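Got your viewer open and a selection box ready? Let's take a walk through this one, stop by stop.

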Amino acid sequence: MKRVSTKVVAGGILLVALLLAGFVSFYASDSPDGLESVAEDKGFVDTAGDHATGDGPLADYDAGLDSERASVGVAGVVGVLVVLALGTGLTYVVRRRTREVDDERDSATTSA
Amino acid sequence: MHVPDGFFDAPTSVVTGVVAAAAVGVSLRKARNELDDRTAPLVGLVAAFVFAAQMLNFPVVSGTSGHLMGGAIAAVLVGPWTGVLCLSTVLLVQGLLFADGGITALGTNVVLMAVTTVVVGWAVFRGLQVVLPKNTAMVPVCASVGAFVSVPVASLVFVALYAVGGGADISIGGLATAMVGVHALIGIGEAAITFLAVGSILAVRPDLVYGARRVLEQRELVIRSSTTEVAA
């Protein structure tokens with residue numbers, strides 16, 4: 001069997017992530033999540049304060065478009081791309097530092 | 001399980017913030033050993049997938065939903081230290097951009113959903129790998145059990161934090177029962193998604209799954225030793 005290339009795997013994951021966040025997310029349950037629901041039952045949900053970035057353009061996964069479907073979809077796609085960029089950038093930085101450390105070690109060994 | 005601002009008092013939020021920062025700092029150093037040419041291209045994508053999957057709340061009991069946390073998925077796919085970084089990135093973006101999880105609660109959320117789910121998910125995964133048959137087909141099974149356990153444990157860590165610095169005077173025993181009950185159910189969803197995600201990548205490229213490496217290396221050793229015997 002022909003080996004699937006890493007690029008194809010990466011593209012597949014990205015496609016799935018974009019589909020889930022951009023399209024399937026519209027069908028997600030609106031019910032409160034486990035913590036929120038327990039907080040309601042136990043009567044401490046009101047201790048939650050206003051969110052500092054609660055007025056942001058994408059707050060609550062709502063891009064503020066006319067269509068609710070488009071709003072959550074756009075918010076989801078933006079989120080996927082931002083997380084992808086940050087995660088990839090972080091990997092790059094961590095790996096570059098690794099190489100620098102290795103280089104220093106190598107040059108130390110050769111000079112010794 | 002995104003904790004909003006105000007659930008915890010200031011000292012607790014500061015302490016969880018310090019613990020979270022320390023965990024991310026250690027992970028940044030340790031992740032170097034996990035990141036190689038095979039795992040590195042997938043890290044950002046795994047984080048993006050976890051973000052997308054976290055948007056999908058699924059109903060658990062009447063009027064309550066749950067969503068993936070993703071610690072076990074990330075740990076098994078790219079390694080536990082890198083997994084903490086993936087989940088922390090997701091939580092940071094959710095808190096800042098989407099008002100999902102309080103800004104002052106970011107440390108608490110990292111402790112609960114990045115550190116706890118990764119540590120528990122990975123520990124259970126590795127523990128099962130040691131005792132169960134060493135073949136790649138077991139990798140998604142071990143991962144999904146780790147995923148299942150990680151969710152109620154994270155809810156218990158929330159309860160423990162609430163006992164120390166919760167903003168309301170409520171029965172901790174009652175809170176524990178309610179939290180573990182609903183999160184055990186959410187854990188079933190977490191296990192199913194983890195099984196599918198890890199199983200899919202394993203099916204096409206097992207060498208890209210960090211948690212499958214030990215199994216694959218052992219298999220290679222067996223093959224090599226048997227060919228030497230034939231040659232001899």
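The tour below starts with confidence, moves to the chain contact, and then goes through helix pairs and single residues.

**Stop 1: colour by confidence**

Keep in mind that you're looking at a predicted model. It scores ipTM 0.92 and pTM 0.93. Colour by pLDDT and start with chain B: its mean is 94, and 94% of its residues reach 70 or more. Chain A has a mean pLDDT of 90, with 93% of its residues at 70 or more. Within chain A, pick out helix H1 (residues 6-22), which has the highest mean pLDDT among the elements of that chain, 97. Then select helix H3 (residues 68-111) of chain A, where the mean is the lowest, 86. A word of caution for any such colouring: where pLDDT is low, the predicted coordinates should not be read in detail.

**Stop 2: where the chains touch**

Next, show both chains and highlight the contact between them. You should find 57 residues of chain B in contact with 51 residues of chain A. On the chain B side, the elements giving two or more residues are H1, H2 (40-54), E1 (58-61), E2 (64-66), H4 (80-97) and H7. Which of them gives the largest share? That's H2(B), with 12 residues. Colour this side of chain B by residue class and you get 41 nonpolar, 13 polar and three charged residues.

**Stop 3: a short helix in chain A**

Select residues 34-41 of chain A, which is helix H2(A). Gly34(A), Leu35(A), Ser37(A), Val38(A) and Ala39(A) are buried there. What covers them? Look across to chain B: the cover includes E2, helix H6 (138-165) and H7 of that chain. Following H2(A) is Gly43(A), with a positive phi near 80°.

**Stop 4: two odd backbones in a loop**

Stay in chain A and go to the loop between H2 and H3, where you'll find Asp60(A) and Tyr61(A). Asp60(A) isn't a glycine, yet its phi is positive, about 60°. Tyr61(A), also a residue other than glycine, has a positive phi near 55°. Are they buried or exposed? Asp60(A) has 13 C-beta neighbours inside 10 Å, so it counts as partly exposed. Tyr61(A) has 22 inside that distance, so it counts as buried.

**Stop 5: H1 of chain B and its partners**

Now over to chain B. Select residues 10-34, helix H1(B), together with residues 106-131, helix H5(B). Their axes come within 7 Å and cross at roughly 50°, so the two helices are oblique to each other. The crossing is left-handed. On the H1(B) side, show Ser13(B), Thr16(B), Gly17(B), Val19(B), Ala20(B) and Ala23(B); they meet Gly107(B), Thr108(B), Val110(B), Val111(B) and Val115(B) of H5(B). Six nonpolar and five polar residues make up this contact, with no charged ones.

Keep H1(B) and swap H5(B) for H4(B). Here the axes come within 7 Å and cross at roughly 130°, which makes H1(B) oblique to H4(B). This crossing is left-handed. Among the H1(B) residues to show are Ala23(B), Val24(B), Lys30(B) and Glu34(B), and in H4(B) the partners include Trp81(B), Leu85(B) and Ser88(B). By class, the H1(B)–H4(B) contact has seven nonpolar, three polar and two charged residues.

**Stop 6: H3 against H7 in chain B**

Select residues 71-78, helix H3(B), and residues 172-204, helix H7(B). How do they pack? Their axes are 9 Å apart, at an angle of about 15°, so H3(B) is roughly parallel to H7(B). The crossing is right-handed. Show Ala72(B), Ile73(B), Val76(B) and Leu77(B) in H3(B), which meet Thr194(B), Ala197(B), Val198(B) and Ile201(B) in H7(B). Seven of the contact residues are nonpolar, one is polar and none is charged.

**Stop 7: one leucine to finish**

Still in H7(B), click Leu185(B). Leu185(B) has 18 C-beta neighbours inside 10 Å, so it counts as partly exposed. Leaving out residues up to four places away in sequence, Leu185(B) touches Val60(B), Val61(B) and Gly66(B). For a last distance, pick the C-alpha atoms of Leu185(B) and Trp122(B): they're 20 Å apart in space, with the residues 63 apart in sequence.

Note on methods
Residues are numbered from 1 along each chain as its sequence is written. Chains are lettered from A and ligands numbered from 1 in the order in which they are written. This is a predicted model: local features need pLDDT of at least 70, side-chain atom pairs count only at pLDDT 80 or more; totals for chains, interfaces and linings use all residues. Axes are lines fitted to C-alpha atoms, for helices over the stretch in contact, and angles run from 0 to 180 degrees between N-to-C directions. Helices (H or I, at least four residues) and strands (E, at least two) are DSSP runs, numbered from the N terminus. Angles under 35 degrees count as roughly parallel, over 145 as roughly antiparallel, 65 to 115 as roughly perpendicular and the rest as oblique. A crossing is left-handed if the near helix is turned anticlockwise from the far one by less than a right angle, and right-handed if clockwise. Two residues are in contact if their C-beta atoms, placed from the backbone, lie within 7 Å. Ala, Val, Leu, Ile, Met, Phe, Trp, Tyr, Cys and Pro count as nonpolar, Asp, Glu, Lys and Arg as charged, and the others, Gly among them, as polar. pLDDT is the predictor's confidence in each residue, from 0 to 100. A residue is buried if 20 or more other C-beta atoms lie within 10 Å of its own, exposed if 12 or fewer, and partly exposed in between; C-beta atoms are placed from the backbone.
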